[in-house]
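Biologist: Got the model up? I'd like to go through it with you.

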Amino acid sequence: MKSAANCQDSRVSEMSPIFSHDAFSRLDPSDDASFYAKDRFVSHLDTLALSTVEHLIGSLIVEDRPAILDLMAGWDSHIPEALNPSEVVGLGLNENELKENAQLTGYVLHDINRDPRLPFSDNRFDAVINTVSVDYMTQPVAVFKEVARILRPGGLFLVIFSDRMFPQKAVRLWRESTQDERAILVDEFFKQCEGFEKSSLFVSRGKPRPGDDKYAGSTPVSDPVYVLYAEKKGGPPDRKPRLVSPISYGENQDKDALEQKKAAIKETLCCPHCGGKLNKWEVPDNPFCQTWDNEFMYICFNDECPYFVRGWDKMYQDTQQGMSYRLMYNPEKDRCLPIPVRSHQDLRDGIMG
């Protein structure tokens, strides 16, 4: 007989959106093998996002000479050379792309939407990576269970996604969810599988888009990177911790130099973090939530300022919200302080002159 707690957990699971009608239907239900038969030797993320993906894979896979499966692989697996894997097997649908993937030691053509069973023995791999493809899985829980089967105890499943997709092949639930809701969905896949420890989430967003990217003129923001990862249950108690090592988006100056620039800001009106000229900004006339007596402040609107760039990660870690902050200087009090923003365009309409 189920306990009251187990019954409650069961009811919560049944209410999950993954059980909703047509949750995994697609705009184009045609055969995936035909759709992916077309060669697509393109990058699905910008170069900064791809370097973040490579950094994460290198940080989180801690085994010596790991055996890795790239699930739903293409022509690049984004595995750092320093990882030195014993093997990298690619499973995908386009043979030309898999043949051109120099990181693979072997590949398998297999449609997991047609048959979610993975053609590998139990406990075969140390790590399984899935990069920007989870949105196309029509039977994700079945696939996650298979990943748990082929991983060695304590092995890692690393699921990476962004905001790009082929909408005609992405499942309905994914298309209709926000980015943060998608992270919840992937976590739910892990939970439903029951073969993994509690998943962890890493998010990188709000970074400046590389200037040579083809979309640089239309958006200042690099592609976001969301990563959920979990270990298969039963791992050794003395296994190495899996931690994301810091990604350097910092400024190349020590604390004393930064403080000196802050002390001189009244004369320079330059951001102490990036050196850019501060913009004079009109304080909004809002009698209901007025918090400053000033008529104007000075704000750094440089989208590549390290203070602003780092703020996206910091605020997500602290609040799980998609926001950052810009440096603001109060000339009346001769003091620097952060002012929160939810987008790169926030506050710009108050710039004076």
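Biologist: Where is the kink in H10 centred?
Modeller: On Trp-312. The kink is about 30°. Bear in mind that this is a predicted model.

Biologist: What length does H10 reach from its first C-alpha to its last?
Modeller: H10 covers residues 306–319, which is 14 residues, and reaches 20 Å. That is close to the 20 Å expected at 1.5 Å a residue.

Biologist: Which residues of H10 are buried?
Modeller: Pro-306, Tyr-307, Phe-308, Val-309, Gly-311, Trp-312, Asp-313, Met-315 and Tyr-316. So the kink centre, Trp-312, is on the buried list.

Biologist: What do those buried residues of H10 pack against?
Modeller: One helix, H7 (179–193), and the strands S6 (200–204), S7 (225–231), S10 (324–330) and S11 (335–341).

Biologist: And just after H10, which residue takes a positive phi?
Modeller: Gln-320, at about 55°.

Biologist: Let's go to the sheet with S10 and S11. What is the strand order?
Modeller: S8-S9-S10-S11, an open sheet with antiparallel pairing.

Biologist: Why is one side of S8 and of S11 left without a neighbour in the sheet?
Modeller: Because S8 (279–282) and S11 stand at the edges, and each has a single partner strand. Neighbouring strands here are turned by 40° against each other on average, ignoring direction.

Biologist: How many bridges pair S10 and S11?
Modeller: Seven, in the antiparallel sense. As an example, Tyr-325 has Pro-340 in S11 as its bridge partner. H10 packs on this sheet, touching S10 and S11. The direction of H10 makes about 130° with that of S10.

Biologist: Now the other sheet. How many strands, and in what order?
Modeller: Seven, in the order S3-S2-S1-S4-S5-S7-S6. This sheet is open too, with mixed pairing. S3 (106–109) and S6 are the edge strands, each pairing on one side only. The twist from one strand to the next averages 15°.

Biologist: In which sense do S1 and S2 pair?
Modeller: Parallel, over five bridges. S1 is residues 67–71 and S2 is residues 87–92. Leu-69 has Val-89 in S2 as its bridge partner.

Biologist: Which strands does H3 touch?
Modeller: H3 (residues 47–60) packs on the sheet and touches S4 (125–131), S5 (151–161), S6 and S7. Its direction makes about 15° with that of S7.

Biologist: And H7, which strands does that touch?
Modeller: S5, S6 and S7. The direction of H7 also makes about 15° with that of S7.

Biologist: Changing topic: cysteines. How many disulfides does the structure hold?
Modeller: Zero.

Biologist: Why no bond between Cys-271 and Cys-305?
Modeller: Their sulfurs are 3.8 Å apart, too far for a bond. The cut-off for a disulfide is within 2.5 Å. Cys-305 has the closest cysteine sulfur to that of Cys-271.

Biologist: Is Cys-271 buried or exposed?
Modeller: Buried, at 2% relative accessible area.

Biologist: What about Cys-274, what is its closest cysteine sulfur?
Modeller: The one in Cys-300, at 3.7 Å, again too far for a bond. Cys-274 counts as partly exposed, with 28% relative accessibility.

Biologist: Last bit, the whole chain. How many helices and strands?
Modeller: Ten helices and eleven strands. The C-alpha trace spans about 70 × 50 × 45 Å along its principal axes.

Biologist: What share of the residues is buried?
Modeller: 48% of the 353 residues.

Key
Residues are numbered from 1 along each chain as its sequence is written. This is a predicted model: local features need pLDDT of at least 70, side-chain atom pairs count only at pLDDT 80 or more; totals for chains, interfaces and linings use all residues. Side-chain values use heavy atoms; hydrogens and water are left out. Helices (H or I, at least four residues) and strands (E, at least two) are DSSP runs, numbered from the N terminus. The expected span of a helix is 1.5 Å times one less than its number of residues. The bend at a residue is the angle between axes fitted to the seven residues ending there and the seven starting there. Buried means under 20% relative accessible area, exposed over 50%, partly exposed in between (1.4 Å probe, protein chains only). Contact means heavy atoms within 4.5 Å. Two strands pair if DSSP finds at least two bridges between them. Axes are lines fitted to C-alpha atoms, for helices over the stretch in contact, and angles run from 0 to 180 degrees between N-to-C directions.
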